[in-house]
Amino acid sequence: MTWSEMQPLLEQACWDTLYMVGWSTVIAVVGGLPLGILLVLTDRGGLLQNTVLNKVIGQVVNIARSMPFIILMVALMGFTRSITGTTIGREAAIVPLAIGAIPFFARLVETAVREVDGGLVEAVQSMGGNTWTVVRKVLVPESLPSLISSTTTTIVALIGYSAMAGTVGAGGLGDIAIRYGYQRFETELMWITVAVLAVVISLIQFVGDYAARGLHRRGGQSGAAPRLRLLRSRAAVNSGSRATVGSAPGTGVGNGSGTGPADADTSAEAPAADVGKVA
């Protein structure tokens, strides 16, 4: 097979692979991110502690992760047909790819969120923040560099899954390697496909690592300690302000007199002494 014959096949296969992996990644992030955070929140000592729910979700995630992808594709053929109307092609491959990637990404999210400094969570709670505030202001922002790395790992895994999906007619680079490299003994085309996969994975890994390092330098987890001190100082200021307002009527702090508790006691005894002198 000449290069002019290989080129259109490789171009179409690359676009099919990127299409399948792209949509599967979006669905995996949308489904796996809240699932991973929920695993942390419902664990022992979590903000939404629920041991039963945590164990149920954990077991479902473990079972889904333990199933080989090629078996998962076959098991989901009926479900895939009900959604897409077919079991072959790149659209049909997105269904098992996404379902297989959601529990995988959820475990990575759980690991990333557990690395967040618990002092930040306590500081936000002391300032009156609820669970949603803690998730939105602390857990997700502080674990963002790790979440980017987890997403990169998921994309790389999905590229491998998509190659396996090519064995059942999903298209993409895996399909080219199987049909031409294995069944038609086009060894040259197979090795070119392997090289293209290696280049694509290397580029994705480079971009993901660069983005994670950039976020880490800007604040990420490295800025946790200064931010924690800032939150605690704000909490202390707020509590001090409430204490001052509460003691203002008795001490005169609110009117700027600057008298402390001792002054207040002295001023309270003064009228009694004056009455004794008058008597």
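Start by selecting helix H4 (77-84) and helix H5 (90-114): each of them supplies at least two residues to the lining of the largest cavity. What you have open is a predicted model, so keep a confidence colouring handy as you go.

**Stop 1: the cavity**

With H4 and H5 on screen, add the rest of the wall. The residues lining the largest cavity are Met73, Met77, Thr80, Thr87, Ala92, Ala93, Pro96, Ala165, Val168 and Ala170. Show them as sticks and look at the space they enclose: its volume is about 100 Å³. Set the cut-off at 30 Å³ or more and the count is one cavity.

Which helix gives the most to this lining? That's H5, with three residues. Colour the wall by class and you get eight nonpolar residues, two polar ones and no charged ones.

**Stop 2: Ala170, on the cavity wall**

Stay where you are and pick Ala170, one of the lining residues. Ala170 sits in the loop between H8 and H9. Buried or exposed? Ala170 is buried, at 7% relative accessibility.

Now bring up its surroundings. Skipping neighbours within four places in sequence, Ala170 has contacts with Met20, Gly89, Arg90, Ala93 and Ala165. Draw a distance from Ala170 to Gly89: the C-alpha atoms are 4.3 Å apart, although 81 residues separate the two in sequence.

**Stop 3: the aromatic pairs**

Next, select the aromatics. How many aromatic pairs does the structure hold? Two.

Go to Phe69 and Tyr161. Their ring centres are 4.8 Å apart and their planes are at 5°, so this pair is stacked. Phe69 belongs to helix H3 (residues 69-75) and Tyr161 to helix H8 (residues 144-165), so the pair ties together parts that are 92 residues apart in sequence. Switch on a surface and check the two partners: Phe69 is buried, with a relative accessible area of 6%, while Tyr161 is partly exposed, at 22%.

Then jump to Phe206 and Tyr210. Here the ring centres are 6.4 Å apart and the planes are at 25°; planes under 30 degrees apart count as stacked, so the Phe206 and Tyr210 pair is stacked. Both residues lie in helix H10 (residues 187-218), four residues apart, which is about one turn of the helix. On the surface view, Phe206 is exposed at 53% relative accessibility, and Tyr210 is exposed too, at 52%.

**Stop 4: Phe185 and its backbone**

Slide back along the chain to Phe185, in the loop between helix H9 (173-183) and H10. Check the backbone here: what is the phi of Phe185 near? The value is near 60°, which is positive in a residue other than glycine. Most residues other than glycine have a negative phi. As for the side chain's surroundings, Phe185 counts as exposed, with 69% relative accessibility.

**Stop 5: the largest pocket**

Time for an open site. The largest pocket holds about 290 Å³ of space. Of its 14 lining residues, select the ones closest to the centre: Val40, Gly45, Gly46, Gly118 and Val121. Which elements give two or more residues to this lining? Helix H1 (3-41), H5 and helix H6 (118-126) do, and the largest share, three residues, comes from H6.

Colour this lining by class as you did for the cavity. For the pocket, the split is seven nonpolar, three polar and four charged residues.

**Stop 6: confidence**

Now colour everything by pLDDT. The chain has a mean of 80, and 78% of its residues reach 70 or more. Where is confidence highest and where is it lowest? H5 is highest, at a mean of 93, and helix H12 (residues 261-278) is lowest, at a mean of 41.

Two stretches are worth selecting. In residues 220-226 the pLDDT is below 50, and the model gives this stretch 12 contacts beyond near neighbours in sequence. Residues 245-279 also stay under 50, with 11 contacts beyond four places in sequence.

**Last stop: zoom out**

Switch to cartoon for the overall picture. The chain has 12 helices and zero strands. Of its 279 residues, 34% are buried. Take the contacts with a separation of 6 or more: 72% of these join residues 24 or more positions apart.

Key
Residues are numbered from 1 along each chain as its sequence is written. Side-chain values use heavy atoms; hydrogens and water are left out. On a 1 Å grid over the protein atoms alone, a cavity is a set of points where a 1.4 Å probe fits but cannot get out, and a pocket is an open set with protein on both sides within 12 Å along at least five of seven lines; lining residues have an atom within 4 Å of a point. Grid points are joined across faces, edges and corners, and a volume is the space filled by probe spheres set on the points. Ala, Val, Leu, Ile, Met, Phe, Trp, Tyr, Cys and Pro count as nonpolar, Asp, Glu, Lys and Arg as charged, and the others, Gly among them, as polar. pLDDT is the predictor's confidence in each residue, from 0 to 100. Contact means heavy atoms within 4.5 Å. Rings of Phe, Tyr and Trp (its six-membered ring) pair if their centres lie within 6.5 Å; planes under 30 degrees apart count as stacked, over 60 as edge-to-face and the rest as tilted. Buried means under 20% relative accessible area, exposed over 50%, partly exposed in between (1.4 Å probe, protein chains only).
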